[in-house]
Amino acid sequence: MTDAAYDALVVGAGHNGLTCAAYLARSGRKVLVLEAGERPGGLAATREFADGFRVSAAAHLLNMLSPEVAKDLALERQGLAYAARNLKTVVLPGDGRQLAIDGDRLEGASASDQAAFTVFQRQMQRFAKVLNRFCMRPFPRLTERRGRDNWLLAKLAWDVRTLGKANMRELLRIGAINIHDVAEEKFDSPLLKAALGMDAVLGSHMGPRSPNTVYAYLHRHLNDGGQGPALVRGGMGALGDAFAAAAEAAGATIRYGARISSIDLTDCRTAGVTLADGSAIAAPVVASNADLKSTFRLVGPLNLDAGFVRRVHNFRARGVTAKLHLALDGLPEFPGLDPADAGSRLLAATTMDGIEGAFNHAKYGECSPLPVMEISIPSVHDASLAPPGKHVLSAVAQYAPYALKAGWQAGREPFMRSCLERLEAIAPGIGEQVTAAELLTPPDLEAEFGLRGGHWHHGEIALDQALFTRPIPGANHYATPVPGLYLCGASAHPGGGLLGLAGRNAAKTILAGEAAS
Amino acid sequence: MTPHDDRMLLDTPFGSRVQAACELREWEPWKGYASPIAYEDMELEYFAVRNATGVFDLTPMTKYRIGGPDAAAFLNRLMTRDVGKIRPGRVGYAVWCNDAGMVLDDGTLFHLSRGDYRLCAQERCLDWLLTSALGLDLTIVDETAEVAALAVQGPTSCAALRAMGLEGLEALRPFGLRHYPFDGGELMVSRTGFTGDLGYEVWVAPAHAEALWDALFAAGRNHLIRPMGNAALELARIEAGFIQAGVDFVPAEQVVRHGRARSPFELGLDWLVDFDKGHFTGRGALLRERAEGSRFRFLRLDVEGNKPASESFILNKRGETVGHATSAAWCPSAKRNVALASLEMPWGRPEDELYAEIYTSRELRWTRVEARCRIIDGPIWDPPRRRQTPAPNF
Amino acid sequence: MKRMRQYDAIVIGAGHNGLCNAAYLAKAGLDVLVLERNPHIGGASVSRELYPGWTYSNCSYVCSLLRPEISRDLELAKHGLQVVPYHGGVTFTRDGDYFGNYPDAERLYREMARHSLRDANAYERFEADVTKQTRLIRQFLLATPPDPTSVKPKDLKGLIELASAFTGMGEEGLLDSVRFWTMSIGDFLDEYFESDVIKAHLSGSGVIGTALGVYSPGTAYVLLHHYMGEVDGNVGAWGFARGGMGAVANALANSLRACGGEIICDADVHRVIVERGRAAGVALADGTEYRAKLVVSNLDPKRTFLKCFDASDLPAAVVEQARNFKIRGSSGKLNIALDGLPTFNGLSPGSPLMLTDMHCTDSLERMERAYDDWKAGTWSKDPYVDMLIPTTVDPTMAPPGKHMMTVFVQYCPPTLADGPWTPEARDAFGQTVIDQLAEHSPNFKDLILDCEVRTPHELEDEVGLTEGNIFHGELTFDQLLFNRPFPGCAQYRGPLRGFYLCGSGTHPGGGVMAAPGANAAREILADLKRPDLTPPSYPND
């Protein structure tokens, strides 16, 4: 490496950037993480949206975190603690019925659904395990194979073969289709099907009938081992803090308030970055945790091939997910729900068709008048989040398209109202309990977190933007066309969710690249 | 809404004159325009270019006006050569590549005035220009239909144009351009062409096209001026050793079969690639190619005998196919039987014995000959007048 | 019970694939019988005079996918098939204009530029990119898909061939292929075009016959399915079968008979006879039994396994797979006898566009909303139509000066949300379509002499297509290649010995292709250890 002060710079202190920094630092590299904001974690953030009320700003439940990353970074030693684990999922259609999923146990479903669900869960776990193998390392090149690529491909093929004939056939059959058809084949309960549908579309510009949603479902369950999600004590910001502590413990430096205005090149190679204040920091390697479009905007089109810029331009990153935060002066009542379950993961959805109907509007740049929601009241498990006796409600609400035809100026209030109406339907009287409310729309997420398009996963996780095609040909192996510049965020394989694998794989690629050159 | 256009073929702004002059009525479509293959006699037309003046209607060439704050940077990133070296008032020949370093097209770039450019090319390339413009601040206007143009080529071309009133034209250096008032409008003259001879291209708004044709032919009568069609131009360009998109290479974005595109190195255009100027599209791929070697070599061959090696396979000493001719013609002025050929590496080294497999039919009897080829090093046809400034006044 | 003589092979259904399959078996010297439920042959490749003097291609209506290798090999020209090509199409817009997809490249360029100069220039790239994918798929049409879970040399060889076709496109080409095969046609078109009407015009092929919307991933492949055919070597071209699509089936039947095969109509197969775990013949609804060493079904997989078998004769898993097979009717059809040639807004009667596919949907949003109606269990209130007037080319289908119009309509559900189809609902559906066409053709309504309206209900009832699905099953990834119709049954062999599938529910799927019939014949002949008589693919040059 050169005589620059740092061996590598990481753009953005999201969990993937910090993971990448930690692995690089552990290998003895001098690493500086540059974060525009004042806190680590990126989308793993806790925000105080009303006096004394704190909530996870974006993702609010943890179910994807890679155990390997958690172990390598010793996140629990760095302060990661759970307020609750293995949360139940309860579907609340708003008519008094309910269905709960607790691991592979169903409450409120027929025996035949229970039997089918057990089989389904087991099979999906096997598929997730295989998929996980594809996610644990950079994807091998397929035609221009070099080094270990042949061996890796053979190993992956073997992993798929070990599923056995029946499972392999089933994976090949359903891998590219929609959750709607699979759920219809297997289950009767509309609420169970709605729950599966929600798992497959959260964060995505897709409805349950969109082909690819089975893949999205598998992606979501990549690492949960069939368990329900966990709630991080102190909100997701605490997870960000743990990642930051891990990176620092490994020897990386993190600088906050450092907004990058450009990634700089010398002789068409990465040379460092320039900050908004005009100061330049030199390093031969830059790993970007920023999304694809933001990253290459920092490089500038003149430093890139035109076809590559077109691919960046065509990358689909249309956010449809909004985040609703409510400060409540008491615990809301959900008719039919055991108050002890109020801290569960609650799904406001009735049927798959209902979710699909909500999605229809997003296709035309409209908000869903009857939104679907994933709701959490974390203060049930974590008293630090709200003043005594009060509660905070966090809901992921869909669909709220980034490019709203009517514009978000006009659209914000109506969508907020639609969300509250939906909540009122499942928790009558909740409106009276609201003392403060906040809606983070995709444009808000863009402004707040620098995500172009406001997409939670940095870009749609559809099969044409997943696995070895993610994010785009030419940048699909963490390395980019610019020597020394790497992607280490959710734009890269395996994509969004609080996984840490993109950061880990990027670090491995960087270290392997050094070894090769 | 723009009205429908039910015409099958368009006429250029010179249409009335071209039609009147085109005695053979042999037309071929060129980008939707009717274009004469020959007016009267292809041989006379070709020799007009080499001996007097031939006039070719090149209006269907695609023309784009490029301007705005990022125009120069845009062009420099688009093209493989250093566009910064083409000063205002000058014209440059250039190629541009896709990300894989494969040639999309070649053309001439006119630096009209500081930051104001016109790109003139055989193929339409607006799609690629707009792609290359993503994220940049510039304007690109397709002015193919807004600019009519004549190529005025041959030893007496300068004299003919001067007789038309273009004073001082002889001082214009090759690849220079000048503006003249004309017919209440303006003419732009560039010392450029596709014939490898002394020659000019004259650019004018469509409203003045007929006046230009009339004035040019009136002034050129004593300089033995004559209109020329595609066939004569094709012969002249092969003799000049120029390549043509769609003939000598397939524009990379039209390629369907993997591996059929060609890089600038594989077209013998190494001299147009400048790795020192900073980034341009295809740079990474071309650097790799330079390090790892090209797949093909482009050669100009002198083929034994006088039968053109059109569509011929090129064979090695053992009779194995090692390439093919992309263009070929007996060249009457150079007195050489020229073939432009693409050969697989490593063939085409100075020591290689190469043969062109030529089929000819005489009264329905086909014969096949394997004609020895010699690599032409240096120009095929390069009369001093092509470069002389002041231009000779024949 | 009437016992008939023993045959070597019985083919259930005289659709084009059944006839093709039977023709190859007969050619190999087998004693073959084809049984057809209807009084006429053809299945969905049929010409019918339902109004005196007028011939309707009342199911499939144009021809492109028919494999030229088969057409030539079975001498279909000699047996009466003539295909006259047409090129291009037109989409009428709500503002009274239209987009003309002219056959002449430069005219098309100018027409596209009228809507968007950018799009006119992007079209060449679009065409090149789609052609790359077309070349990829075409080499596998006349081949049996390999089983990816098998380690048999034949399957491994097939898998290697499949993989090398992809890797032969280069790393970037391969990635682009994967993207193409998994994308929605809407997203794919968005990467090239900006004009709504141009995108809408090109998107139709991505959804025709499919219960998916233009923004459903996987529809770019469906576009390919409509682009991979050819007429006389012009890949992607479509043509009119002179005399209607029945000409295809009739030529195949003539070829079959010339090889000694036999066809019996009005023979409704009720059940496949299974003895000692193998197919032994079929029983008709009237009790007649025909015996054979092997039985081949041209019916769709659902109808085959769920209606023609005793469930106890089949492995439970296969019954389950058949039940889960996706075969959603999504389209309807109007066949109209016209008193004269209708005029369309802005289009001159002599325009070459009159000979081509005509559409009335001018934006992707309208395309997608039409699909939303289907999802909601109703026919599209603003449907997508693919309309042709074959009599502008074919003089045999209507009296001189009169015309016949075929209108393919999408979307139309197999059952309505509020119950089954009724004659009233069917007529209301027809009226929706007629009203839409009349918006663009002022004299259209006055010219109508007769109109046959077919919903998926009629297609199932009369033709036997389950749920009225024209492709015998959705063209989605769970049902393509080695997944078609379902894993384990994708090599034309059924789940019991002596039973085979040869219909569009097998690879390479629907469309009047005849490839499934020929591919099935190849496997049958292999099982019988007889020489393969089916033609190899023309080389992919």
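**View 1. Helices H1(A) and H9(A) cross with a left-handed turn.** In this predicted model, H1 covers residues 15–26 of chain A and H9 covers residues 236–250 of chain A. Their axes come within 8 Å and cross at roughly 20 degrees. Angles under 35 degrees count as roughly parallel, so H1(A) is roughly parallel to H9(A).

**View 2. Here are the residues where H1(A) and H9(A) touch.** From H1(A), look for A:His15, A:Leu18, A:Thr19, A:Ala21, A:Ala22, A:Ala25 and A:Arg26. Their partners on H9(A) are A:Gly240, A:Phe243, A:Ala244, A:Ala246, A:Ala247 and A:Ala250. Sorted by class, this contact has nine nonpolar, three polar and one charged residues.

**View 3. Domain 1 of chain A meets domain 3 of chain A.** Domain 1 is pieced together from residues 8–51, 58–82, 235–316 and 455–511, while domain 3 spans 317–449. Chain A also has a domain 2, at residues 117–220. Taken over C-alpha atoms, the centres of domains 1 and 3 of chain A are 28 Å apart. Where these two domains meet, 19 residues of domain 1 are in contact with 25 residues of domain 3. About 1,700 Å² is buried between them, and carbon and sulfur atoms give 66% of that area.

**View 4. Now we turn to the place where chain A meets chain B.** Here 13 residues of chain A are in contact with 18 residues of chain B. The two chains bury about 1,200 Å² between them, with 58% of it on carbon and sulfur atoms. Which three residues supply 45% of the area that chain A buries against chain B? They are A:Leu302, A:Asp305 and A:Arg310, and no other three residues supply more.

Methods:
Residues numbered from 1 in each chain as written. Chains lettered and ligands numbered in written order. Predicted model: local features only at pLDDT ≥ 70, side-chain atom pairs only at ≥ 80, totals over all residues. Heavy atoms only, no water. Axes fitted to C-alpha atoms, helices over the stretch in contact; angles between N-to-C directions. Helix = DSSP H or I, 4+ residues; strand = E, 2+ residues; numbered from the N terminus. Parallel < 35°, antiparallel > 145°, perpendicular 65-115°, else oblique. Left-handed = near helix turned anticlockwise from the far one by under 90°. Contact = heavy atoms within 4.5 Å. Nonpolar A, V, L, I, M, F, W, Y, C, P; charged D, E, K, R; others polar. Domains from an automatic or database assignment. Buried area = accessible area lost by both parts, 1.4 Å probe.
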